[in-house]
Amino acid sequence: MWNMKKWLLGNKYIIIGTIVGGIAGYIYYKQIGCSNGSCAITSDPYNSIIYFAFMGGLLISIIKQSPKNEKKSKSL
């Protein structure tokens, strides 16, 4: 059986990175944005939020090391 609580706890940093990225995307849209609408990402708030949320989650998943990799790198 799939345990949602265990999955959420295991991926909490990625979820936090996704949320922070989405907030950063909205702030970027509001502060910088694209005045003439020709920018694919920053001309629409939804595109900006989705893009930055994805990038935030991806960045955290790259930075975060899994426990298995940590043990291997310590033994080398």
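This passage walks through a predicted protein model, from its overall build down to a few residues around helix H3.

The model is predicted, so local features need pLDDT of at least 70 and side-chain atom pairs count only at pLDDT 80 or more, while totals for chains, interfaces and linings use all residues. Residues are numbered from 1 along each chain as its sequence is written, and side-chain values use heavy atoms, with hydrogens and water left out.

To start with the big picture, the protein has 4 helices and 0 strands, running α-α-α-α from the N terminus on. Helices (H or I, at least four residues) and strands (E, at least two) are DSSP runs, numbered from the N terminus. Of the 76 residues, 16% count as buried; buried means under 20% relative accessible area, exposed means over 50%, and partly exposed is in between (1.4 Å probe, protein chains only). The accessible surface adds up to about 6,300 Å², and carbon and sulfur atoms own 66% of that. Areas like this come from the Shrake-Rupley method with a 1.4 Å probe, and for residues only the protein chains shown count as cover. As for contacts (heavy atoms within 4.5 Å), residues 24 or more positions apart account for 54% of those with a separation of 6 or more.

Next comes Ser48, found in helix H3 (residues 45-63). Ser48 counts as buried because its relative accessibility is 0%. Setting aside neighbours within four places in sequence, Ser48 is in contact with Gly25, Tyr29, Ile41 and Thr42.

Two of these partners, Ile41 and Thr42, bring in the loop between H2 and H3. Thr42 lies in that loop and is buried at 12% relative accessibility. Beyond four places in sequence, Thr42 is in contact with Tyr28, Tyr29, Gly33, Cys34 and Ser48. Ser43 sits in the loop between H2 and H3 too, but is partly exposed, with a relative accessible area of 29%. Again leaving out residues up to four places away, Ser43 touches Tyr29, Cys34 and Gly37. The C-alpha atoms of Ser43 and Tyr29 are 7.4 Å apart, with their positions 14 residues apart along the chain. A polar atom of the Ser43 side chain also lies 2.6 Å from the backbone oxygen of Cys39.

Ile41 is in the loop between helix H2 (12-31) and H3, and is partly exposed at 32% relative accessibility. Together with Tyr51, Phe54, Met55, Leu58 and Ile62, Ile41 forms a nonpolar surface patch with about 550 Å² of accessible area. Patch members have over 30% relative accessible area and no salt bridge; nonpolar side chains (Val, Leu, Ile, Met, Phe, Trp, Tyr) are joined within 5 Å, and like charges within 9 Å. A salt bridge here is a side-chain nitrogen of Lys or Arg within 4 Å of a carboxyl oxygen of Asp or Glu.

Finally, the rings: the whole structure holds 3 aromatic pairs. The rings of Tyr28 and Phe52 have centres 5.3 Å apart and planes at 35°, so this pair is tilted. Tyr28 is in helix H2 and Phe52 in helix H3, so the pair ties together parts 24 residues apart in sequence. Tyr51 and Phe52 make an edge-to-face pair, 5.7 Å centre to centre with 85° between the planes. Rings of Phe, Tyr and Trp (its six-membered ring) pair if their centres lie within 6.5 Å; planes under 30 degrees apart are stacked, over 60 edge-to-face, and the rest tilted. Ring pairs link Tyr28, Tyr51 and Phe52 into a cluster.

Definitions and conventions. A polar contact is a pair of N or O atoms within 3.5 Å; within protein, one must be able to donate a hydrogen and the other to accept it, and residues adjacent in sequence count only if both atoms are side-chain atoms.
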